[in-house]
Amino acid sequence: MAIQYANDESFKEQIKEGFVIVDFFSTTCVPCKAFSRILEELDAELPFIHIVKVNTTDYPKLAKENRIFGVPTVQFYKDGEKKYENVGVMEVEEIKKKITEFMY
């Protein structure tokens, strides 16, 4: 599944079903750019994973609603319920471990 971008209107719909990884980022954040490459690698390797990106600069309301105080912040959702949150860059193996933990 291709990486999708969320906005104020689409976010809740995008996380409501299945397992979803959400990346809160800013275009001016260097670690966010590194993490974006990690997510692209993950998407290529595991195309069934649903990844949603939220630009906190463009959508500050979403950042505030989700209590995002630093970027990158990654959240893992299962059927609309947040299961885990990490502030900072996660390595591919860490993400895969969380996928195994929460997806099934």
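Me: What pattern does the protein follow when read along the sequence?

Reply: Read from start to end, the protein follows β-α-β-α-β-α-β-β-α, where helices (H or I, at least four residues) and strands (E, at least two) are DSSP runs numbered from the N terminus. This is a predicted model, in which local features need pLDDT of at least 70, side-chain atom pairs count only at pLDDT 80 or more, and totals for chains, interfaces and linings use all residues. Residues are numbered from 1 along each chain as its sequence is written, and side-chain values use heavy atoms, leaving out hydrogens and water.

Me: Why does the radius of gyration agree with a compact globule?

Reply: The rule, for a radius taken over C-alpha atoms, is 2.2 Å times the number of residues to the power 0.38; with 104 residues this gives a value near 13 Å, and the protein has 12 Å, which therefore agrees.

Me: What makes a set of residues a nonpolar core?

Reply: Its members are buried Ala, Val, Leu, Ile, Met, Phe, Trp, Tyr and Cys residues joined through side-chain atoms within 4.5 Å, and buried means under 20% relative accessible area with a 1.4 Å probe, counting protein chains only. The largest such core has 17 residues, and Phe-19, Ile-21, Leu-42, Ile-49, Phe-76, Ile-95 and Ile-99 touch the most other members.

Me: Which elements each supply at least two residues of this core?

Reply: They are strand S2 (19-25), helix H2 (30-45), strand S4 (73-78) and helix H4 (92-103), and H4 gives the most, with five residues. A second, separate core of 12 residues includes Phe-11, Ile-15, Phe-24 and Tyr-77.

Definitions and conventions
Buried < 20%, exposed > 50% of the residue type's maximum accessible area, 1.4 Å probe, protein only.
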